[in-house]
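Here is the note you asked for on this model, written as numbered points. Please read it with the sequence and the structure open beside you.

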Amino acid sequence: METKKKDIRALTKEQLRNFFVECGDKAFRGNQVYEWLWQKSAHTFDAMTNVSKETRQMLEEHFVINHIRVDQMQRSSDGTIKNAVRLHDGLVVESVLIPTETRTTACVSSQVGCSLDCRFCATARMKRMRNLNPDEIYDQVVAIDNESRLYFDRPLSNIVFMGMGEPLMNYNNVLKAIDMITSPEGLGMSPKRITVSTSGVPKMIKKMADEEVKFGLAVSLHSAIDEVRTSIMPFNATFSLADLREALEYWYGKTKSRITYEYVVWEGINDTQEAVDALVKFCRFAPSKVNLIEYNPIDDGEFQQASSAAVDMYQRTLEKNGITVTVRRSRGKDIDAACGQLANKA
Ligand code: SF4
């Protein structure tokens, strides 16, 4: 049920310290509570055992802890886990744990639904309902880290913002969440293990570059020809490839960090030599890596995975031109956990 009390995790550490001082307590109490909220992921004030009962009651009167709840967990035959995550207001997002031999990756959501309209994406069919708060993003990571320890006997190693939503359309909250994930007061993960994947919002890519962020950037490109890209990702009519490229050049100039392109090859859409030549040309300005991703059809069959001959052509041409390329097999298809399949069907 919706409540008028404030979500305590919307407060910074400084604000929490000030709150205690205003209440006649010591600022240090704020540090203790902050540690419970983030590092120890306490879901209730009662769990804060080194805080007095009176203080816990006082916190209860003023605040709530809006934690997420994993409503349903599905496990794929390949080990992939998909969580249906219920938010405090009843809305649901999904996050995915992808295990390989050497790493465990969390794919997390940044919005409920999405305001963009990629035609091949299941999430696009839900309208954007709201942005996730930093703590809601953080909690998805904590839940997956716990699952990784429980089922694979190791902590989470990597995070990609590639679940529901466009992370750069929820920029401030995504960056705050990453701050907490990387902070020693949160999960203490290295930013080098985090990748923000965007469909390409030029202004925000430049903003990230200006802020000298330390995490990686991936761009869902899928075509380097404006006409084709606009037909499958209609927002490309507003954020054209020329603007995207200019922003990426700016990003590389500031960060010197290699750019990853996510790319699906579809039959009859971008499975031509002309399409791969355009991609090579687009990649030239900075060290790049292209992930060729296997496509997971979403019910109506409008988009079909291209032949392996077409994918081979991409791989050969990219390699010949000195561009790093990986062919990524899809994971978790049997539970609709693969890229572009997240849409609360469970
Ligand atoms: S692919 Fe990403 S940006 Fe495009 S509609 Fe789906 S969730 Fe949004």
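The points below go through the ligand surroundings, the annotated positions, the helix packing and a few single residues.

1. The model is a predicted one, and the remarks that follow should be read with that in mind. Where UniProt annotations are mentioned, they come from an unreviewed entry, and such annotations may be inferred rather than shown by experiment.

2. Around the ligand, the model places Cys114, Leu116, Cys118, Cys121, Thr123, Ala124, Gly165 and Ser199. Sorted by class, this shell holds five nonpolar residues and three polar ones, while charged residues are absent from it. The UniProt record, in its unreviewed entry, lists Cys114, Cys118 and Cys121 under "binding site", and these three cysteines also appear among the residues around the ligand in the model.

3. Two of these cysteines can be described further. Cys114 sits in the loop that runs between β7 (111–112) and β8 (130–131), and Cys121 belongs to the loop between β7 and β8 as well. Cys114 has a relative accessibility of 12% and therefore counts as buried, the limit being under 20%; Cys121, at 15%, is likewise counted as buried. Setting aside residues up to four places away in sequence, Cys114 touches Thr123, Met126, Lys127 and Arg128, together with Gly165 and Glu166.

4. A further "binding site" feature in the unreviewed UniProt entry covers Gly165, Glu166, Ser197, Ser220, Leu221, His222 and Asn296. Two of the positions in this feature, Gly165 and Glu166, are contacts of Cys114 in the model, and Gly165 is also one of the residues around the ligand.

5. Within that second feature, Ser197 lies in strand β10 (residues 194–198) and Ser220 in strand β11 (residues 216–220). Ser197 is buried at 6% relative accessibility, and Ser220 is buried too, with a relative accessible area of 16%. Apart from neighbours within four places in sequence, Ser197 is in contact with Phe161, Met162, Pro167, Ala218, Ser220 and Glu262, whereas the corresponding contacts of Ser220 are Ser197, Thr198, Ser199, Arg229, Met233 and Glu262. The two serines thus touch one another, and Glu262 occurs in the contacts of Ser197 and in those of Ser220.

6. Which backbone angle of His222 deserves a look, given that it is not a glycine? His222 has a positive phi of about 65°, and its place is in the loop between β11 and α7 (226–232). Asp153 also has a positive phi of about 65° without being a glycine, and lies in the loop between α4 (134–152) and β9 (158–161). The surroundings of these residues can be contrasted, since His222 is buried with a relative accessible area of 4%, while Asp153 is exposed with 71%.

7. How do helix α6 (residues 202–210) and helix α8 (residues 241–255) pack, and at what angle? Their axes are 9 Å apart and form an angle of about 5°, which makes α6 roughly parallel to α8, as angles under 35 degrees are counted in that class. On the α6 side the contact is made by Pro202, Ile205, Lys206, Met208, Ala209 and Asp210, and on the α8 side by Asp243, Leu244, Glu246, Ala247, Leu248, Tyr250, Trp251, Lys254 and Thr255. The residues of this contact divide into nine nonpolar, one polar and five charged.

8. Helix α9 (residues 273–283) has Ala275, Val276, Ala278, Leu279, Val280, Phe282 and Cys283 as buried residues. These buried residues pack against α8, against the strands β12 (259–264) and β13 (288–293), and against α10 (308–320). Helix α8 therefore takes part in the contact with α6 and in the packing of α9.

9. Two residues earlier in the chain complete the note. Thr55, in helix α3, is buried at 9% relative accessibility and, leaving out residues up to four places away in sequence, touches Phe20, Asp25 and Arg29. Ala47 is found in the loop between α2 (27–37) and α3 (53–62) and is partly exposed, with a relative accessible area of 31%. Beyond its neighbours within four places in sequence, Ala47 is in contact with Trp36 and Ala42. The C-alpha atoms of Ala47 and Val276 are separated by 56 Å, the two residues being 229 residues apart along the chain, and Val276 is one of the buried residues of α9.

Definitions and conventions. Residues are numbered from 1 along each chain as its sequence is written. This is a predicted model: local features need pLDDT of at least 70, side-chain atom pairs count only at pLDDT 80 or more; totals for chains, interfaces and linings use all residues. Side-chain values use heavy atoms; hydrogens and water are left out. Axes are lines fitted to C-alpha atoms, for helices over the stretch in contact, and angles run from 0 to 180 degrees between N-to-C directions. Helices (H or I, at least four residues) and strands (E, at least two) are DSSP runs, numbered from the N terminus. Angles under 35 degrees count as roughly parallel, over 145 as roughly antiparallel, 65 to 115 as roughly perpendicular and the rest as oblique. Contact means heavy atoms within 4.5 Å. Ala, Val, Leu, Ile, Met, Phe, Trp, Tyr, Cys and Pro count as nonpolar, Asp, Glu, Lys and Arg as charged, and the others, Gly among them, as polar. A residue is near a molecule or strand if one of its heavy atoms lies within 4 Å of it. Buried means under 20% relative accessible area, exposed over 50%, partly exposed in between (1.4 Å probe, protein chains only).
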